[in-house]
Amino acid sequence: MIKFNSSPEPTIGVEIELQLVDKNNLNLNNISSKVLKNVNKEFSDNIKCELIESMIEINTNICSNIEEVEKDIKKTLNHLGGLLKNYETELNCTSLHPFAIGKNQIITNNIRYRRIMKDLQMVGKRFISQGLHVHIGIDNPENAIKVNNALRVYLPLLLSLSTSSPFFEGEDTGLHSYRTKLFEALPLAGMPDYLINWNHFENLTEQLEEAGIINSVKDLWWDVRPHPGFGTVEVRVCDIPINFKEIIAIVALIQSLVVTLIKKEPIPDTHIQILQSNKWQAARYGLDGVHVDPRNFQKLSIKKAIENLFLLVQPTMSSLGTEKYLGKLEETLNGSTGSTIQRKLYDKSKDFKNVIKTLIEQFYK
């Protein structure tokens, strides 16, 4: 049996994978192991290694509201930023560095990561992307399954609002989220199947472990997954928004959507081909894509589908005290996500280094 550590309130936990960028050449800097040795004990659970040495992860503590999330992330970023000054290094918040080369990155000296890379080979060497993961507390395991199933319908909309990875190894990929396609090359990654109930999830996980396909739930790299140890549903589909306020707004949206879906009737199984098509539209076209509602096959623009999403969660955001974040989300919807902003910056300067400098300067604006 897999114990689900229930959370009676919709608590929030956020994980952000960040790029370590050399101030002088703006390339990725393989120094995370050095930096981690200098982290204050207070932040030992909040700043961690990741797959490659040019990447570092920050985690919030368990937060009871969005304001706590905001303060927690800022506090950790400030500490990390101070440490990085000693290495003439900055943090960059996008889901792909625009010109870094995958084969030049150093794998972190961690047993799990080395096992993964030995398995992935060339796929792993190209996997130099960063993501935003959001955990929301759930009161019981059956609700976790209910929400996990329902969230699949909305994952493409969350992705399209956060896209920030148009460039890879010096080329414009033509996509708004090339990170999405890199990630889907990994085994057991992408859109999950429909789960009947908690027992179904337990049996599936145990069978995968017994077959040697996974070592633990952590090896299920789904776009959304139940997390038994934390008592959460974890949304993993998003690119990292390029702006701090946008990150917080996306987290608020995810919390309100989870709380809303708990109160709704379960969404029946929907054809995964429709879900994958919607996700492709989000990754390829961003906010300009097409969305097909898998419940009634109604075709509409992604922008219109997101407007409907905002209407759905607005009462919940009001009750949670997070309605003010809708303004920032609407600003993104009516303006540009990070992918479009990066393209505009590059079209203007024809210089990836200028793009990165500008993103770093404007992160808190």
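In this predicted model, C49 has I56 of β3 as its bridge partner. That bridge belongs with the pairing of β2 and β3, which run antiparallel over three bridges and make a hairpin with five residues in between. On the β1 side, β3 again pairs in the antiparallel sense, here over five bridges, and I16 sits opposite I58 of β3.

So much for the partners; next comes the strand itself. β3 (55–59) is mostly covered, with five of its five residues buried. M55, E57 and N59 point one way, while I56 and I58 point the other way, and all are buried. This fits the general picture, in which side chains of a regular strand alternate between the two faces of the sheet.

The largest pocket holds about 980 Å³ of space. Its lining runs to 41 residues, and the closest to the pocket centre are E15, E57, K218, R225 and E234. The elements giving two or more residues to this lining are β1 (12–22), β2 (47–49), β3, α3 (111–120), β5 (132–137), α6 (178–184), β10 (224–227) and β11 (232–235). β1 supplies the largest share, five residues. By type, the lining splits into 14 nonpolar, 15 polar and twelve charged residues.

The second largest pocket comes in at about 430 Å³. Here 25 residues make up the lining, and E90, L91, I360, F363 and Y364 are the closest to the centre. Two or more lining residues come from each of β1, α2, β4 (89–92), α8 and α13 (352–361), and α2 gives the most, with six. The lining of this second pocket consists of 15 nonpolar, six polar and four charged residues.

α2 also turns up in the packing around helix α11 (325–334), where Y325, L326, K328, L329, T332 and L333 are buried. Viewed down the axis of α11, these buried residues fall within an arc of 160 degrees, so they line one face of the helix. On the other side of α11, E331 and N334 are exposed. And what do the buried residues of α11 pack against? They pack against four helices: α2 (66–84), α5 (141–162), α8 (244–263) and α10 (302–320). Of these, α2 and α8 are also among the elements that give two or more residues to the lining of the second largest pocket.

Definitions and conventions
Residues numbered from 1 in each chain as written. Predicted model: local features only at pLDDT ≥ 70, side-chain atom pairs only at ≥ 80, totals over all residues. Heavy atoms only, no water. Buried < 20%, exposed > 50% of the residue type's maximum accessible area, 1.4 Å probe, protein only. Arc of directions from axis to C-beta. Contact = heavy atoms within 4.5 Å. 1 Å grid on protein atoms, 1.4 Å probe; cavity = no way out; pocket = protein on both sides within 12 Å on 5 of 7 lines; lining within 4 Å. Points joined across faces, edges and corners; volume = space filled by probe spheres on them. Nonpolar A, V, L, I, M, F, W, Y, C, P; charged D, E, K, R; others polar. Pairing = 2+ DSSP bridges.
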